[in-house]
Structures are given as C-alpha cells and as structure tokens.
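Trainee: I am new to this structure and would like a close look at one part of it, the strands and what surrounds them. Please explain each term as it comes up.

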Amino acid sequence: MAIRDRLSGNEAVANAMRQINPDVMAAYPITPSTEIPQYFTTFVSNGQVDTEFIPVESEHSAMSACIGSEAAGARTITATSSCGLALMWEVLNVAASDRLPICVALVNRALSGPININCDHSDAMGARNTGWIQVFSENNQEAYDNMVMAYRIAEHPSVMTPIMVCQDGFITSHAVENIELLEDKVVKDFVGEYEPEHYLLKDNESIAYGPYAVTNYVMEARRAQLEGLRNAKQVALDVAREFEQISGRSYGLFEEYRLEDADFAMVIIGSAAGTAKDTVDLLRDKGIKAGILKIRLFRPFPAEEIAEALKGVKYLAIMDRCEDFNGNCGPLGAEVRSALYNKNYFPKTINYCYGLGGRDVTVDSLTSVFDDLRKIEETGEVGDVYRYLSVRE
Amino acid sequence: MASDISKLGLDVKWQDLTLGCTIVGSCTAEEFDTGEWRVDTPKFIKEKCKQCLLCAPVCPDSAIPVENGKRLEFDLKHCKGCGICVKACPFDAIIMFKGVK
C-alpha cells in the first residue's frame with residue numbers, strides 16, 4: 001500500500017535514501033541541499049539505517065571519499081548544490097571514468113557570482129559533460145521516484161556509471177507537497193543489494209583503480225566509458241517500466257504534454273515545466289495548439305527520441321535555466337537544435353535564458369514566450385535566436 | 001569485465017578494456033608487455049661478458065635477469081631500450097641497435 005504524506009523535496013529524497021539504506025554517505029553541507037544529509041544523519045543516529053556517515057571538510061573531499069568507498073564495494077551516496085558541485089568537478093570526472101556508480105542528490109542552485117542561493121541549473125549544466133548520468137525532476141514526487149530508481153540505472157552491469165538526481169533548489173527542495181511514498185520493503189526489494197563483480201575489499205583478490213593510461217589507451221578508455229553512459233538510456237526505460245509496476249507512476253526519457261498535434265512547443269527542464277503545463281492548458285482553451293516536452297534524462301541526451309517527438313512542431317522555444325557563456329545559446333538550446341538538424345527537422349526555433357538565481361517563472365512569463373512564437377508565425381521572421389526572459393532592459 | 005592483462009597490448013580494442021581500466025590481481029607489471037614501448041634495443045655479446053654484473057643493478061626495469069650469479073639474455077618484454085647498461089658495461093659486451101627488435 002502506498003503511503004500518503006506531505007514532504008518537502010529534500011525530505012522526500014532523504015526518505016528515499018533511508019529506504020535504499022546505502023552503505024556509506026560522505027557529505028558536506030551547502031544550501032539548499034543541506035537538509036538532505038541533515039535528515040539522513042538523524043536516520044543514522046536513530047539506527048534506522050546501517051549507513052556509515054563520513055563528515056568531510058569540503059565537497060572535493062566528499063566526492064573523493066565517495067570514490068574510495070564505492071571502489072571498496074560500498075553503495076555510496078552524497079548530496080550537494082551549486083559551488084559544492086563545482087568543487088567536486090575534478091573528481092566527478094574520476095568517478096565516471098573509474099566507472100563507480102555513486103549517486104549524488106543535486107539540489108540545483110545558481111553558481112556564483114553574483115553569489116545567490118536560489119534555483120537555476122548552472123551547477124548541473126556546469127557538470128553536464130563529466131560523464132555522469134543526469135536525471136531531472138519536476139516536483140517532489142519525481143525527486144523521490146527518481147532517487148528510488150537511481151541505483152538500478154547506475155549499477156546496471158552494462159552502465160556502471162555514476163548518477164546525479166536533480167531537483168530545483170527551494171522551489172521543490174523546500175516546498176511541501178502531497179506525495180505518495182512506497183513501503184520500505186517495496187523499495188528495498190526494488191533496489192536490491194549492490195553486488196559488484198570486483199571491489200577493493202573482495203576476499204582473495206587485489207585490484208587497482210584509476211591506473212595511469214599512456215597515450216595509446218586514452219581514446220579506447222573514453223570510448224568504452226561513452227558506451228556505458230549511452231547504455232543508461234535503455235536501462236532507464238527498463239527500470240521505469242519496472243517502477244511503474246510497483247508505483248503506478250510512469251516515466252520515460254522525457255514527458256510529452258499535449259505535444260502530439262502541437263504547432264507551438266516548448267522544451268523545458270525541472271519545476272518550471274509545471275508552470276509551462278498550466279500555460280499550455282490556458283492556450284489550448286483559446287484554441288492555440290501548444291505543447292511541452294519536459295526533459296527527464298539529460299545525460300545521456302536522448303537526441304533521436306527528442307527530435308522525433310518534435311518533428312511535427314512548427315515553432316519551438318528551448319528554455320535554458322542557465323547562462324552558458326558560449327555567446328551563442330544555452331546548453332539545452334545547442335543540444336536540441338543539433339538533434340533536430342541531424343534528423344532534418346527545421347522548426348523555427350528560439351532559445352531563452354530564464355529563471356536565473358531564482359527569478360520567478362510564471363504563467364504570464366511563459367505565455368509571453370508562446371506570444372513570441374506566434375509573432376514569428378505572423379511575421380515569418382525569427383529575429384533574435386537567443387533571448388533573455390523577464391530581464392529588465 | 002576484468003580481462004587477462006597479458007591481452008592488454010597496444011592493439012587492444014575499446015571493447016576489450018577492463019571496466020574503468022581497473023587492474024585485477026597483483027604483481028601484474030611482470031605480465032604486461034611494456035617492452036613494446038621500446039625505441040632502441042640492446043644486444044648482449046656473451047663472448048665479451050666477464051659476468052661482473054655491473055649492468056643488472058643499473059637497469060631501471062629489472063630487464064637483465066640474473067641466475068646463479070650470472071646474467072642472462074635481456075628480458076625484451078620489459079626492456080625500454082634506455083641504454084644505461086651500455087654505459088655501465090666496462091667490456092663493450094652490450095651494444096645498442098636502432099629500433100625495436
């Protein structure tokens with residue numbers, strides 16, 4: 001029987017971790033993810049989990065401890081945000097190339113500067129090419145569900161790649177919502193035991209992790225690593241199918257909302273997708289064929305599937321909650337455009353930077369995006385292909 | 001995913017690498033053919049050798065095996081061709097050839 005509760009996103013994720021009962025957590029506090037290790041250490045103190053908690057002196061140390069622990073054969077978890085993830089950056093790459101299926105609960109927050117504690121995706125996007133799987137959540141329920149599914153994806157023998165489960169700082173991490181939890185035993189059975197083939201503490205076997213590779217091996221090593229990441233796409237779908245059987249909730253690589261016959265579409269990530277759905281409902285009431293594609297799996301990027309889902313769209317807005325400072329577009333803008341180009345689909349496309357540092361995203365502001373798309377339809381002119389939403393100018 | 005380390009030569013395909021390039025087992029350096037990194041190759045001239053054994057301890061790769069107080073032929077599976085042994089030999093019993101032999 002599902003358990004109805006009302007929890008903040010951080011509480012929901014901490015409870016999923018309690019049910020997973022990982023072997024080790026190494027964590028350092030940073031707003032807005034601090035509550036996750038805070039709740040979790042309560043579970044440790046109360047004996048509700050068997051987890052060894054390692055208090056560390058920085059996020060670089062947290063991820064380094066996670067790498068050592070995971071290599072030792074322990075299922076390992078951590079949580080962070082913003083500059084904490086940035087400080088992990090060096091070792092995030094090591095975790096991925098060593099093929100250690102560590103899990104990070106990432107609570108998305110703006111990177112400095114200016115220093116700010118509120119939501120945007122610059123932290124996750126800054127780490128998007130470190131070789132980690134990245135899954136994004138729209139609301140507390142999805143943050144919980146994605147956490148329950150995380151290890152099943154990361155630890156799959158064909159994947160063996162670390163995973164980042166992302167939710168929006170404060171917007172979902174601190175907002176309390178109604179939520180449906182699974183029973184402890186159901187989660188425990190679903191996640192199962194971590195049984196790696198090789199690990200440092202294995203009896204009668206020695207193993208070296210992270211050896212030096214001379215020039216002759218690096219390209220092959222990277223290619224092999226890419227294969228593991230790519231395999232996560234199919235595994236994420238398989239795991240979601242199994243998860244639906246225990247939860248009744250269905251997940252894909254992304255969610256299509258009223259997209260089937262849409263002329264005007266928006267691609268968006270995270271909590272703002274909820275606002276976007278309301279916006280689309282209001283536009284549909286007025287007879288405007290609007291739809292949403294909400295990314296769930298960002299890494300590996302399901303390019304072909306996204307392009308196919310958008311093939312009927314005539315006017316497209318791609319929403320980036322991050323300034324990428326490449327001078328051309330946002331990271332999602334680049335990926336979606338490239339996916340469409342490779343499939344020879346050419347909707348008239350504009351890319352927005354929005355919601356930085358917790359800037360409000362409202363039905364009104366997202367309606368203005370669809371207004372811009374309708375203006376392109378009227379005039380035939382795309383105009384500026386990279387724009388800022390709700391910026392004073 | 002762990003494969004036989006002796007198969008991890010210069011021709012290994014990405015599909016045959018170990019997971020995360022991990023190395024399972026200990027003392028594996030001996031099994032690994034690092035001699036294929038060699039550019040130049042030493043030759044041992046047995047007739048000139050007085051078995052003074054000055055060469056063996058200066059070899060950085062332990063590629064001059066010694067048995068019963070006598071040095072044997074070079075271990076070309078591990079020799080990198082640095083030529084230090086040539087300089088150590090007082091009797092011209094080691095010469096270097098260009099290229100991998």
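Mentor: Two residues are in contact if their C-beta atoms, placed from the backbone, lie within 7 Å. This is a predicted model, in which local features need pLDDT of at least 70 and side-chain atom pairs count only at 80 or more, while totals for chains, interfaces and linings use all residues. Residues are numbered from 1 along each chain as its sequence is written, with chains lettered from A and ligands numbered from 1 in the order in which they are written.

The contact between the chains takes 18 residues from chain A and 15 residues from chain B. Strands also meet across the two chains: strand β9 of chain A (residues 207-208) and strand β1 of chain B (residues 23-24) run antiparallel and are joined by two bridges, and here A:Ile207 has B:Val24 as its bridge partner. Strands (E, at least two residues) and helices (H or I, at least four) are DSSP runs, numbered from the N terminus, and two strands pair if DSSP finds at least two bridges between them.

Within chain A, a good place to pause is strand β6(A), residues 133-136, which is covered on both faces, since A:Ile133 and A:Val135 on one side and A:Gln134 and A:Phe136 on the other are all buried (20 or more other C-beta atoms within 10 Å of a residue's own make it buried, 12 or fewer exposed, and numbers in between partly exposed). β6(A) runs parallel to strand β7(A), residues 163-168, to which four bridges join it, with A:Gln134 having A:Met164 as its bridge partner there. β6(A) also pairs with strand β13(A), residues 297-299, over two bridges, this time in the antiparallel sense. On that side A:Val135 stands opposite A:Leu297, and the bridge partner of A:Gln134 in β13(A) is A:Arg299.

These strands belong to an open sheet of seven in chain A, with mixed pairing and the order β3-β2-β4-β5-β7-β6-β13. Because β3 (52-55) and β13 stand at the edges with a single partner strand each, one side of each is left without a neighbour in the sheet. From one strand to the next the twist averages 20°. Helix α6(A) packs on this sheet, where it touches β5 (103-108), β6 and β7, and its direction makes about 170° with that of β7(A) (axes are lines fitted to C-alpha atoms, for helices over the stretch in contact, and angles between N-to-C directions run from 0 to 180 degrees).

Chain A has another open sheet, in which six strands with mixed pairing follow the order β10-β12-β11-β14-β15-β16. Here β10 (254-257) and β16 (386-388) stand at the edges, each with a single partner strand, so one side of each has no neighbour in the sheet. Next to that edge, β15(A), residues 348-353, and β16(A) pair in the parallel sense over three bridges, and A:Tyr352 stands opposite A:Arg387. Helix α9(A), residues 272-285, packs on the sheet against β10, β11, β12 and β14, at about 165° to the direction of β12(A). Helix α11(A) packs on the sheet too, touching β11, β14 and β15, with a direction that makes about 145° with that of β14(A).

A:Gly333 lies in α11(A), residues 331-342, and counts as buried because it has 25 C-beta neighbours inside 10 Å. Leaving out residues up to four places away in sequence, A:Gly333 touches A:Ile318, A:Asp320 and A:Asn351. Its C-alpha atom is separated by 8.0 Å from that of A:Tyr352, which lies 19 residues apart from A:Gly333 along the chain.
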